[in-house]
Amino acid sequence: MNIDQLKRKFNEKYGKGELHCYFAPGRVNLIGEHTDYNGGFVFPCAISFGTFCLIRKTERKSVRLASVNLGFEAVVDIKDLDRPVGREWVNYPIGVFAQFLKRGVKFNEGADILIYGNVPNGAGLSSSASLEMASAVAINDTWNLGIEMLELIKMAQKAEHEFAGVMCGIMDQFASGMGKSDHAIYLNCDTLEYELVPVKLNGVKIVISNTNSPHKLDSGVYNQRVSECKAAVIEISRYKPVQMLADCTMEEFKAIEEKFVDKVVMRRARHVISEIARTKEAVSQLKNNNIERFGILMNESHSSLRDDYEVTGPELDTMVEEAYKIEGVIGSRMTGGGFGGCTVSLVKEEAVDTFIEEVGKNYTMKSGLKPEFYVAEISDGAKKLF
Ligand code: GLA
């Protein structure tokens, strides 16, 4: 669906008149998984898939919401923008409206909104963060509120906590808001200091493989991991004062690893602490053009997510195992929350076609599922299109 078709859809639905369009991308995380809510480092980039939000302010006292992708539509009175609307997708934009209300913004008029997204849903590429961020920039600009991007990012994260019940970290909304084409974002999720690192891969492509697995990371399992990390902080605090897992180095952890009462909690902590170290190293290797080492760290990240954090599952594991067999694959790991969703692989340009063919064939043979592949284009963050 292109912009002209979207405009036409909007006008058919709501009538002709002035309208504006905003776009916010999804993201792929290169390394640094399940570290964000532990104050660690992440290294995502915004991708060209994302969510479009077409919007027109109206005199009506309600917000009408429709989506090109999903059938559910809603009309929400401006008095009710502070509460969830069942379990449907409209909860995300309404959750964002609610954050503006919390900041004291008063909406005296409503709006007509049409959403279109091309991030595959539930694939670990942040379809929900891109919907939140597209809504946030659209509302901010339509009502001339002048709130800075970093604040919008935090508001979008809060919307996810309060309206979707997922106690996520800040990575997805941050990548969607701050992305820059051909750069990855090296973000310290504690201080929110970040660096845009050029991704110059010299003949190597970033290939995203969608397992199309029905197993999704639901909020229950995600929030359970968040709690296990909190339990790990309490265990570690018996030996060293820490506020979050990012406060403990790998050396410090190794010295107390055996003493953990709960071995599951120990393994969760081991993943997070080692992943933070891997992410730091990976970024410095990339800066030194050592892509081979970057790839090894990606592979180690996957193993740690599989064995210690237990968020991969058979489909993601099969997808990376098949990738490792292809010559020209530099590294491969799951990306995003886990269970179903996507892997991210660095693949030499000349091997990409073979990769897609062979991994696709073997993955289908082993899982019975048909995967999809996308060669990632690293794109800009949320913005107004017109
Ligand atoms: C989901 C969350 C992020 C992050 C990743 C795992 O995408 O929304 O905040 O925790 O999982 O790295």
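Buried means under 20% relative accessible area, exposed means over 50%, and partly exposed lies in between, with a 1.4 Å probe and only protein chains counted. Helices (H or I, at least four residues) and strands (E, at least two) are DSSP runs numbered from the N terminus. The views below show a predicted model, where local features need pLDDT of at least 70 and side-chain atom pairs count only at pLDDT 80 or more, while totals for chains, interfaces and linings use all residues. Residues are numbered from 1 along each chain as its sequence is written, and side-chain values use heavy atoms, with hydrogens and water left out.

**View A. Helix 10 and its cover.** Let's start with helix 10, which spans residues 314-324 and has 8 of its 11 residues buried. The buried ones are Glu315, Leu316, Asp317, Thr318, Met319, Val320, Glu322 and Ala323. Their cover includes three strands, namely strand 9 (204-210), strand 10 (329-335) and strand 11 (342-348), along with helix 9 (291-307) and helix 11 (352-367). Contact here means heavy atoms within 4.5 Å.

**View B. Asn210 in strand 9.** Staying with one of the covering elements, this view centres on Asn210, a residue of strand 9. Asn210 counts as buried because its relative accessibility is 3%. Its side chain makes a polar contact with the side chain of Tyr374 at 3.1 Å. A polar contact is a pair of N or O atoms within 3.5 Å; within protein, one must be able to donate a hydrogen and the other to accept it, and residues adjacent in sequence count only if both atoms are side-chain atoms. Leaving aside neighbours within four places in sequence, Asn210 is in contact with Pro120, Ala123, Met319, Gly341, Cys342, Pro371, Glu372 and Tyr374. Met319 in that list is also one of the buried residues of helix 10.

**View C. The two domains.** Stepping back a little, the chain divides into domain 1 (3-197 + 380-384) and domain 2 (198-375), with bounds that come from an automatic or database domain assignment. The domain centres, taken over C-alpha atoms, are 26 Å apart. On the two sides of the contact are 37 residues from domain 1 and 42 residues from domain 2.

**View D. The ligand and its shell.** Which residues surround the ligand? The shell holds Arg27, Glu33, His34, Asp36, Tyr37, Cys168, Gly169, Met171, Asp172, Tyr222, Gly336 and Gly337, where a residue is near a molecule or strand if one of its heavy atoms lies within 4 Å of it. Each of domain 1 and domain 2 supplies at least three residues to this shell. By class there are 4 nonpolar, 4 polar and 4 charged residues; Ala, Val, Leu, Ile, Met, Phe, Trp, Tyr, Cys and Pro count as nonpolar, Asp, Glu, Lys and Arg as charged, and the others, Gly among them, as polar.

**View E. Polar side chains at the ligand.** Here we look at individual atom pairs. A side-chain N or O atom of Asp36 is 2.5 Å from an oxygen atom of the ligand. For Glu33, a polar side-chain atom lies 2.6 Å from a ligand oxygen, and a polar side-chain atom of Asp172 lies 2.6 Å from an oxygen atom of the ligand. On its own the ligand has 310 Å² of accessible area, and the protein covers 92% of that; such areas come from the Shrake-Rupley method with a 1.4 Å probe, and for residues only the protein chains shown count as cover.

**View F. His34, a shell residue with positive phi.** His34, one of the residues around the ligand, sits in the loop between strand 1 (20-29) and strand 2 (41-42). Its phi is near 60°, a positive value in a residue other than glycine. His34 counts as buried because its relative accessibility is 5%.

**View G. Asn118 and Ser126 in one loop.** The loop between strand 6 (111-117) and helix 3 holds Asn118, and Ser126 is found there too. Is Asn118 buried or partly exposed? At 29% relative accessibility, Asn118 is partly exposed. Its side chain reaches the backbone nitrogen of Gly50 at 2.7 Å. Not counting residues up to four places away in sequence, Asn118 touches Phe49, Gly50 and Phe52. Ser126, in turn, has phi near 65°, a positive value in a non-glycine residue, and is buried with a relative accessible area of 7%.
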